[in-house]
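The following report introduces a structure to a reader who has not met it before. Please keep the sequence and the model in view while reading.

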Amino acid sequence: MPRHLTSRLGEGLIAIWGVVTIVFVVSRLLGDPAVLLLPIGATEAQLQELRTQLGLDQPLLRQYLTFLLHAVKGDFGQSFQFARPALDVVLERLPATALLAGCALTIGVLIGGLAGALAAIYRGSAIEGLVLLVALLGQATPSFWLGIMLILFFAVQLGWFPTGGYGEWQNLVLPSVTLACFTTASIARLLRSSMLDVMRDDYVRTAYAKGLAPRRVYIWHVGRNSLIPVVTMTGILAGELLGGAAVTETVFAWPGVGRLIVQAIETKDFPVVQAGVAVVATIFVAVNLLVDLLYTLIDPRIRQES
Amino acid sequence: MRLLSFLHRQRANWLGLLGAGLLILLLALALAGPWLGLPDPTRGDLRARMLAPTISWFGLGAHPFGTDQLGRDILSRIIAGSRVTLTIAGSAVILGGIVGVLLGLVAGYFGGWYDRILMRLVDIQLAFPLMLLALLVVAALGPSLHNLIAVLALTSWVRYARIVRAQVLTVREREFVQAALAMGAGHARLLLRHILPNVLTPVFVVATLELARTIVLEAGLSFLGLGIQPPSPSWGRMLADGRTYIASAWWIITLPGLALMLTVLSVNLLGDWLRDWLDPRAERR
């Protein structure tokens, strides 16, 4: 492994540790789990017993160290709500979120990439204007509102797709489109401006001068070089899709990790909150490491530097 | 033809102008809200529940945007909601901006450990989905106006810090800074009088982009029930309430959403224009 990737891995681990620590501290501010777990009217002795059982009577630093030690082994404790290991509860929901985020990202990269490339190739034409207009609107539309509007038209009025739920491919359409909207718009705009930048570079002029067909120039010279900022942004967007899916998943009653964490925050199910956020942060770091790796494949200049 | 090509060349300008105009209009409406003679946004009239919008070519009517499930006037709720949203998002952007700029200045200027710690903090913040961080902190501290501003500021300092740090790294080596240093200027003077003014331009671009993002995040929080609490009207809450009546009264959810989209769009347009205007490389696009 190249040296800069090793140091990126170390930085990623520090980031995950930081996120987990923040969640631990904030969870302790959320309230006393013992009061929540026992029925109203429980005696002080019962409360005290449960606190001892959960380890809440220990000094905070000690609780934190125990928590970290267990977390490293994947043990976030039992979910209060489901009475099962919290990590299992989270991991069960992961495929649903991954499916949704994967579909949204695919739509975003394909449609956003195509629209952005067309806008750059046919610059100054109506195509460019249309792409820019739609992308501007797409970036300005909040996902939860878009989701509800799609439900209004395609589920309530036309009855083409269900309003929510999980299982069939029909359930997947509206949430994916909702989640993909911002990503698609962002990728289209970024790829367009990145391609326009590259088209002014000297090596593109050289490629034309030596008589290459425009199609070859676009694919091999412009395309490849303008992908670098897009890949960076796709990595960041992928992380946002996993976390930002919380709202979309809530709108469509999609049984994913985001909705699980939102519900766990509402019911103060700390172990699930902690496990869920830790999993999301880990995925984010992993995706961005992958992006770093992709760079070195796309751009030989970066390979030589490292 | 000449006019057409002029408009095409100037399109960044008139889009920016459009954004600025819309934003000024929204701000004016928000500021003038209480004096416009609209119905009380928090008082319902159960006899006038879920009335359809009365706005038409011929006039506004009694309830231009209709009424909601409790018979409250939607237009006055949208305007009252814009006051809340713009106050929270605006304050959060300014607060996050000040913190981010200061941290970025210190990290870029002193380097070393300050820099390393800041960059790790940035990594942590980036790995933490903003929506979940905001939800968690609001749930812990309670959804008061001050807490919401603090939380949203917390989610936005990173971008300022990163861009200021990068700028400081280049400005630090320029002659005028070295000259001031040679003349015996202290760190504080050097940072605030010589470096800060030269790194501020991109900060304004980040601030507009952050404003748009913060407005959406705030609406998302109140959509999930963790924003500013009733009876204060908020756009996110109106959307959440309107969901229930989506089949019978489309206007309850559609119109606040349109207001939200228009606000974000105008801020984005302004931000794009500002970026193109400040970036000389972009002029021929």
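## Overview of the two chains

Of the 285 residues in chain B, 45% are buried, where a residue counts as buried if 20 or more other C-beta atoms lie within 10 Å of its own, as exposed if 12 or fewer do, and as partly exposed in between, with C-beta atoms placed from the backbone. The model is predicted: local features need pLDDT of at least 70, side-chain atom pairs count only at pLDDT 80 or more, and totals for chains, interfaces and linings use all residues. Residues are numbered from 1 along each chain as its sequence is written, while chains are lettered from A and ligands numbered from 1 in the order in which they are written.

Chain B has 11 helices and zero strands; these elements are DSSP runs numbered from the N terminus, with helices being H or I runs of at least four residues and strands E runs of at least two. Chain A has 13 helices and zero strands. The C-alpha atoms of chain A occupy a box of roughly 85 × 55 × 25 Å along the principal axes. The table sets out two values for each chain.

| Chain | Buried residues | Share of contacts with a separation of 6 or more that join residues 24 or more positions apart |
|---|---|---|
| Chain A | 41% of 306 residues | 72% |
| Chain B | 45% of 285 residues | 72% |

Here two residues are in contact if their C-beta atoms, placed from the backbone, lie within 7 Å.

## Where the chains meet

The contact between the chains takes 32 residues from chain B and 42 residues from chain A. On the side of chain B that touches chain A, the elements giving two or more residues are α4 (112-127), α5 (130-141), α9 (187-223), α10 (235-244) and α11 (250-278) of chain B. Of these, α11(B) gives the most, with eight residues. By class, this side of chain B has 24 nonpolar, four polar and four charged residues. In this division Ala, Val, Leu, Ile, Met, Phe, Trp, Tyr, Cys and Pro count as nonpolar, Asp, Glu, Lys and Arg as charged, and the others, Gly among them, as polar.

The largest nonpolar core holds 159 residues, and those touching the most other members are Val19(A), Ala281(A), Ala134(B) and Leu135(B). Such a core is a set of buried Ala, Val, Leu, Ile, Met, Phe, Trp, Tyr and Cys residues joined through C-beta atoms within 7 Å. Apart from neighbours within four places in sequence, Ala281(A) is in contact with Ala15(A), Ile16(A) and Val19(A), and also with Ala127(B) and Phe128(B).

## Helix packing in chain B

Two packed helices are described by the angle between their axes and the distance between the axes. Helix α3 (residues 74-110) of chain B and α9(B) have axes that come within 8 Å and cross at roughly 140°; axes are lines fitted to C-alpha atoms, for helices over the stretch in contact, and angles run from 0 to 180 degrees between N-to-C directions. This crossing of α3(B) and α9(B) is right-handed, a term used when the near helix is turned clockwise from the far one by less than a right angle, left-handed being the anticlockwise case. Among the residues that meet are Ala89(B), Gly96(B) and Leu105(B) in α3(B) and Leu196(B), Ala207(B) and Glu210(B) in α9(B). The contact of α3(B) with α9(B) comprises 15 nonpolar, four polar and two charged residues.

The axes of α3(B) and helix α6 (residues 145-154) of chain B also come within 8 Å, crossing at roughly 50°. That angle makes α3(B) oblique to α6(B); angles under 35 degrees count as roughly parallel, over 145 as roughly antiparallel, 65 to 115 as roughly perpendicular and the rest as oblique. The crossing of α3(B) and α6(B) is right-handed. Residues in this contact include Ile88(B), Ala92(B) and Val99(B) of α3(B), together with Leu148(B) and Leu152(B) of α6(B). The contact of α3(B) with α6(B) has 10 nonpolar, two polar and no charged residues.

## Individual sites

Arg159(B) lies in helix α7 (residues 157-171) of chain B. Arg159(B) is buried, with 22 other C-beta atoms within 10 Å. Leaving aside neighbours within four places in sequence, Arg159(B) is in contact with Gly100(B), Val206(B) and Glu210(B). Arg159(B) and Gly100(B) are 59 residues apart along the chain, and 7.4 Å separates their C-alpha atoms.

Helix α8 (residues 175-182) of chain B lies largely in the open, because zero of its eight residues are buried. Just after α8(B), Gly184(B) adopts a positive phi of about 90°.

In chain A, Leu110(A) is placed in helix α5 (residues 86-121). Leu110(A) is partly exposed, with 13 other C-beta atoms within 10 Å.
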